[in-house]
Every structure is written in structure tokens, then in C-alpha cells.
Amino acid sequence: MTCRSASYKQPSVHAEWRSRTRRGAASIADVETPSVLIDVDVLNANITRMSRHARDVGVQLRPHIKTHKATDIAAMQRAAGVSGFTVATVQEAEMMVGAGFADLLVAYPPVGDWRVSRLAKIMEVAKLTFLIDSVPAATSAARLARELGTVIPFLWEVDCGAERSGTPPGIDSVDMAAEAQREEGLRLAGFLTFPGHAYASQSRHDLDLAVSDEMEAASVTAEAARAAGLGALMLSGGTTPTAWLATRDTPLTEIRPGNYVFHDATQVALGVCALGDCALRVLTTVVSRPNRKRIVVDAGAKALGREVMNRRTVGYGVVADRPELAVTGLYEEHGLIEAPEDVHDVPIGSRLELVPNHSCVTANLHDAHILRRGDEIIDVISIGARRGTARDASYGRKERL
Ligand SMILES: Cc1ncc(COP(=O)(O)O)c(C=O)c1O
């Protein structure tokens, strides 16, 4: 017997929204939950402000697109003024190059045959700069350069305190970078720092220390490079909080913030923006009120993300216009708001907008984002390089580049 449900066609919700938006027939009140909403005016203001800030400080801006993974937003960044873009994944690089963005820093070690062969394909049509922080990564990049008959520029990663990847500042990094440059096919373009430890800051003082850690690492490395006769090199640095705090005396020549397009509750806790500067929200419906203090919403870990990057944030995100209400518990599809006091005006069926702790991770949990101005839907954009989708594997894609 054939099951009747086998002929049921799963609705394409976002295609439906796109077409209703074009007809002017969609408003936020009709949107299904949980969904990601992006305030287009806040997004534009964040993008414009960072481009202006980079110009004021006198550094190049090479934004990291891992935050939005969307070419529509990259186009807005380009219009505001950038010198190029940064990507982490091969898929991000493929998406950007496919949309005509042809100058990318791949800020991820070129390790793994699959990764290198996909990068090779991209290099037929685009200029890539690599990040290298080890001999095997240098060997792998040099082999690729020789195969392609080209020279690959690279930035050597210096660990400025994040303790993620990279080698110690100063002569250690310079020696290794110079060694890598001796590989035929590689050209040292400069050094890269990532002050990820800024995110753990518990005070403005801690954040200032992370900024000076990065400045110090960049300066001593540049000094050692000059002493070794390596010439004028690029110094690429920055996360969103440290980029916002960069001043004209920074030794950096380039900043690579990513998160600034959306911001989030972590940036608010760090004091680099206000809640009103957070462009990304998760629209959610109240589905249960077991008692006067507890509000259960349909945005769980799979819609909001389970990120805690800084101890000064409360829970996993907050209600946008009532930050005293935080999502303090998460199941896969349930978010729990345990209010400090009785809440009488949030009934079952009402809708809330949540500002997540880490918008980069939240953005990646959704296939599409709704661009809004107030209650109006302006557009629905695709997250072209979203992780974990079929596109994330190379199958059938290589040939199209
Ligand atoms: C190498 C590199 N550069 C820049 C960034 C941008 O950082 P943020 O999103 O904090 O602005 C990241 C973030 O992970 C990164 O890994």
C-alpha cells in the first residue's frame, strides 16, 4: 500500500516569503517562528560606522564574512568601503567568488587535501591570501602554488594572547615566516593576529589589555621583521571589540572585524555597543506559561544557539525591549525565560524578539534571514555559505566554479 503522505510536498517557506515580500503582502506579524530578523537600518548603520572608523583610524578594513555568510550583506559592506574580505571556510570562499568578490583572505590554515584542492579551483578565478602558522601548512600551500604555477601571498599568524593558533610574537614568528617564504611559491605578505581573548574581558580595563596585547604583539613582530630585512609588511588584526577600540596609534595596517554587522548581547556586555545597535534578533512565540515567572518560547538551542562567551551576559540571550528577561534555560526546541519577578503581560501566543549572545552562531542556524524595517519585510536573504547544508560538501559544486 502506498502511503498517502509520500505525495505531500514540504512547503518552501522562504520562497513563499520572498514572493509575498515582492508583492508587498508580508509583514512581521505573519512570519513563522522561530525566525531570524535583521533590522536593515541598524545593519546599515553598523556597516557604515565601521567603514568610517577604519578610515578615521587610518587602517584598511577587511571584514570577516563568517558572521553573515551572505553575499547580499557583503555587497552592503563593499558599498560602504572595504579593501577586501576575510573568510574562514572553503564554502565561504566559494560563495564569495561565485558572487564576484575576487580578493579574499582565507584566515584558516590550508591543511587537508580536500581543502587545498577546493582552494585550488577557486584560485583559477580569484586572488587568495593564505594564513599560515606551521611548517606543514606552508608545505601544503607551496605545493599548491607550484602545481598552479603561481605565487601565493600569505600572512603568518602570531598568537597575541588568544591561545588559539599562531606562534609567539617577535623573532620566533619572524624566523618561521622567513623559513616558510623560502619555500618556492610562497610570498610573505605580513602577519596576522586574532585577539580572541578580548571576549572574556570582565571590565573595560581587561578589554584595553587585550587591545594592548595585540598592539604589542604586532609591534614587536614588525620590529623583528624589519631587523631581519623583511621589509614593509601588512599587520592584520582585530575582532569586533578590539577593532572598535583601535586608535590612530595602532601598529595594525588592517582590521578584520566580523560580528560588528549584527552585534549581540556579548558586545553589549563588553560595552562596545548598545542593545539598540544589535541588528539580529530571533522572533519567537510564547508557547507555555507554567507559572507566573516562567515563559516558555519556541526558540531553543537549535534556533538561538547555546553560546556563553562572557560571564557578564545573562543566560543565552535577552528579550530585546525587556533585557531583564533572559533566556536562562534551553532545550532543543524550547527556550526558558525564568523572570526575576511575576510577569503578567506576556501571555501564551504573544511574540518576543530575542537578542542572542553570539549572533554569528545564531545566524548560521537558519537558512534565510528576514530583512525588516519596523513591521515591514524588506527582503528575505539566503545564507549561502551556511554550515552543514548540502552545499557544504563539494559534490557537484566544483565544476561550477
Ligand atoms: C581570524 C579571524 N579574524 C577575524 C575574526 C572576526 O572576529 P569578530 O567576529 O569578533 O569580529 C575572527 C573571528 O573568529 C577570526 O577568527
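This report walks through the ligand site, two unusual backbone spots and the internal cavities of a predicted model.

## Around the ligand

Let's start with the bound molecule. The ligand has 13 residues around it, and the ones that come nearest are Lys 66, Arg 164, Tyr 199, Thr 240 and Gly 258. Sorted by class, that shell is made up of four nonpolar, six polar and three charged residues.

Which residues put a polar atom by a ligand oxygen? Arg 164 does it with its side chain, where a polar atom lies 2.9 Å from an oxygen atom of the ligand. Gly 258 uses its backbone instead, with an N or O atom 2.6 Å from a ligand oxygen. Asn 259 also brings in a backbone N or O atom, this one 3.1 Å from an oxygen atom of the ligand. As for how covered the ligand is, it would expose 390 Å² taken alone, and the protein buries 91% of that.

## The pocket that holds it

Where does the ligand sit? You'll find it in the largest pocket. That pocket holds about 660 Å³ of space. It is lined by 30 residues, and those closest to the pocket centre are His 64, Lys 66, Ala 88, Arg 164 and Phe 194.

Two of these names should look familiar: Lys 66 and Arg 164 are also on the list of residues that come nearest the ligand. The pocket lining as a whole is a mix, with 12 nonpolar, 10 polar and eight charged residues.

## Two backbone spots to look at

If you're scrolling through the loops, stop at Pro 34. The peptide bond leading into it from Thr 33 is cis, and its omega is near -5 degrees. Pro 34 belongs to the loop that runs between helix H1 (13-22) and strand E1 (35-39).

The other spot is Lys 69, a residue other than glycine with a positive phi, near 50 degrees. Lys 69 is in a loop too, the one between strand E2 (60-61) and helix H3 (71-80).

## The largest cavity

How many cavities of 30 Å³ or more turn up in the whole structure? The search finds two. The largest cavity has about 60 Å³ of space. Its lining consists of Val 211, Glu 214, Met 215, Gly 238, Thr 242, Ala 243, Ala 246, Thr 250, Leu 252 and Ile 255. Helix H8 (204-227) and helix H9 (240-244) are the elements that give two or more residues to this lining.

H8 provides the largest share, three residues. By class, the lining of the largest cavity has six nonpolar residues, three polar ones and one charged.

## The second largest cavity

The second largest cavity offers about 40 Å³ of space. Around it are Val 158, Phe 191, Leu 192, Thr 193, Ala 217, Ala 218, Thr 221, Leu 235, Ser 236 and Leu 252. Strand E7 (186-193), H8 and strand E8 (234-237) each give at least two residues to this lining.

What classes of residue line the second largest cavity? Seven are nonpolar and three are polar, with no charged residue among them. Leu 252 shows up here, and Leu 252 is on the list for the largest cavity as well. H8 likewise contributes to both, as one of the elements lining the largest cavity and one of those lining the second largest.

Notes:
Residues numbered from 1 in each chain as written. Predicted model: local features only at pLDDT ≥ 70, side-chain atom pairs only at ≥ 80, totals over all residues. Heavy atoms only, no water. Near = heavy atom within 4 Å. Polar contact = N/O pair within 3.5 Å; in protein donor to acceptor, adjacent residues only side chain to side chain. Areas by Shrake-Rupley, 256 points an atom, 1.4 Å probe, with all protein chains shown as cover. 1 Å grid on protein atoms, 1.4 Å probe; cavity = no way out; pocket = protein on both sides within 12 Å on 5 of 7 lines; lining within 4 Å. Sits in = over half its atoms within 2 Å of the grid points. Nonpolar A, V, L, I, M, F, W, Y, C, P; charged D, E, K, R; others polar. Points joined across faces, edges and corners; volume = space filled by probe spheres on them. Helix = DSSP H or I, 4+ residues; strand = E, 2+ residues; numbered from the N terminus.
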